[in-house]
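Visitor: Hi, I've got this one open on my screen. Could you walk me through it?

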Amino acid sequence: MDIKNNILETIGNTPLIRLNRITKELPCTVAAKVDYFNPGNSIKDRMAIKMIEVAEAEGKLKPGGTIIEGTSGNTGMGLALGAIVKGYQCIFVTTDKQSKEKADVLKAMGAEVIVCPTNVEPEDPQSYYSVAARLSKEIPNSYHMNQYDNLANRLAHYETTGPEIWKQTDGKITHLVCTAGTGGTITGTAMYLKEQNPGIKVWAVDAYGSLLTKYFNTGEIDMNEVYPYFSEGFGEDFIPRNYDMSIIDAFTQVTDKEGAIMARKLAKEEGLFCGYSAGSCLKGLMQLKDSLKKDDLVVCIFHDHGSRYVAKIYNDQWMMERGFLEVKTFRDIISGRP
Ligand code: PMP
């Protein structure tokens with residue numbers, strides 16, 4: 001018999017899928033680690049379960065306790081899955097920038113969701129960082145996971161994502177391309193891969209409006225780089241502890257428009273219905289492609305599924321309102337104008 005004991009046993013071992021059309025201008029093979037195959041539809045299931053396991057082992061999360069986290073949705077989904085199976089409560093603090101569908105999904109999984117304003121400084125008492133930290137002090141037997149500074153985040157990728165990619169490519173991977181938010185995915189995966197082969201190049205993809213790229217290039221934390229953007233799940237307005245910048249070889253920033261357009265192309269040309277950041281990841285690769293050679297094997301990490309973005313990048317109206325999609329007239333359509 002092959003019966004999983006519970007949903008958590010389906011986390012990880014996601015497929016690596018060759019891109020056949022969208023990267024045909026590149027000289028080498030490009031494969032995507034498609035992590036929407038996780039049960040919570042995102043890569044964050046991996047680190048959510050690891051954070052719970054580490055908190056349990058350290059005695060910070062006790063039976064019947066409450067998990068508190070500032071999450072844009074994907075981490076929340078992973079934590080909610082863990083909480084259901086292991087018997088914890090969840091309170092998630094998110095921002096008004098995130099898709100409403102993401103919050104609704106978390107509520108469907110039994111979590112309480114508190115929405116905070118996006119455009120405030122992290123130190124502001126209204127920010128989702130501050131609210132999450134305050135609730136964990138006020139609620140008895142609760143634990144704030146803090147995915148930004150909790151090193152169980154990158155450890156999950158060191159223990160699972162990295163080894164899976166190494167095995168799936170027979171150790172032939174030459175480049176890892178990954179959007180960077182908390183830094184857990186890129187740092188943990190790269191730590192494992194570079195231990196196997198220090199020659200592997202690690203390319204981070206960032207958003208405009210995030211200070212990560214400038215920090216990487218200059219070591220300077222420049223708040224003038226920080227402004228609101230539409231891309232979701234990556235880019236930061238501070239440097240989380242999960243980063244080891246020395247393991248990253250290059251950073252590139254992708255516009256909201258180009259990331260969104262690339263995500264739509266991925267769906268149409270490869271049948272990969274992914275989230276916003278997957279489009280940005282691929283666009284980032286295209287921006288850095290000049291050094292690639294015939295025998296290279298590039299692995300892009302695609303973090304989540306497109307279903308969470310149907311009202312956003314997969315909605316023509318939303319795209320047109322932001323100037324991401326040209327409005328086509330009837331005359332354009334019959335004349336075949338692109
Ligand atoms: N894309 C999406 C959709 C995400 O949810 C996240 C996690 N914040 C990332 C990219 C970036 O991953 P990480 O936080 O591990 O850097």
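Visitor: How many residues surround the ligand, and which are the closest?
Guide: There are 17 around the ligand, and the closest are G181, T182, T185, G233 and S277. Near here means that a residue's C-beta atom, placed from the backbone, lies within 6 Å of the molecule. Bear in mind that this is a predicted model: local features need pLDDT of at least 70, side-chain atom pairs count only at pLDDT 80 or more, and totals for chains, interfaces and linings use all residues. Residues are numbered from 1 along each chain as its sequence is written.

Visitor: What's the shell like by class?
Guide: The shell around the ligand has 12 polar, three nonpolar and two charged residues. Ala, Val, Leu, Ile, Met, Phe, Trp, Tyr, Cys and Pro count as nonpolar, Asp, Glu, Lys and Arg as charged, and the others, Gly among them, as polar.

Visitor: Which helix gives the largest share of that shell?
Guide: That is helix α6 (residues 184-196), with three residues. Helices (H or I, at least four residues) and strands (E, at least two) are DSSP runs, numbered from the N terminus.

Visitor: And what sheet is there with six strands?
Guide: An open one with mixed pairing, in the order β1-β2-β10-β7-β8-β9. Strands pair if DSSP finds at least two bridges between them.

Visitor: Why is one side of β1 and of β9 left without a neighbour in the sheet?
Guide: β1 (16-18) and β9 (250-254) are at the edges with a single partner strand each, so one side of each has no neighbour in the sheet. Helix α6 packs on this sheet, touching β7, β8 (201-207) and β10, and its direction makes about 165° with that of β7. Contact means C-beta atoms, placed from the backbone, within 7 Å. Axes are lines fitted to C-alpha atoms, for helices over the stretch in contact, and angles run from 0 to 180 degrees between N-to-C directions.

Visitor: How do β7 and β10 pair?
Guide: Strand β7 (residues 175-179) and strand β10 (residues 297-302) pair in the parallel sense over three bridges. In β10, V299 is the bridge partner of L176.

Visitor: Switching over, what about the sheet with four strands?
Guide: That open sheet runs β5-β4-β3-β6, with parallel pairing. Its edge strands are β5 (112-116) and β6 (142-144), each pairing on one side only.

Visitor: Last one: how many helices and strands does the chain have?
Guide: The chain has 11 helices and 10 strands. Its C-alpha trace spans about 65 × 50 × 45 Å along the principal axes.

How values were computed:
Two residues are in contact if their C-beta atoms, placed from the backbone, lie within 7 Å.
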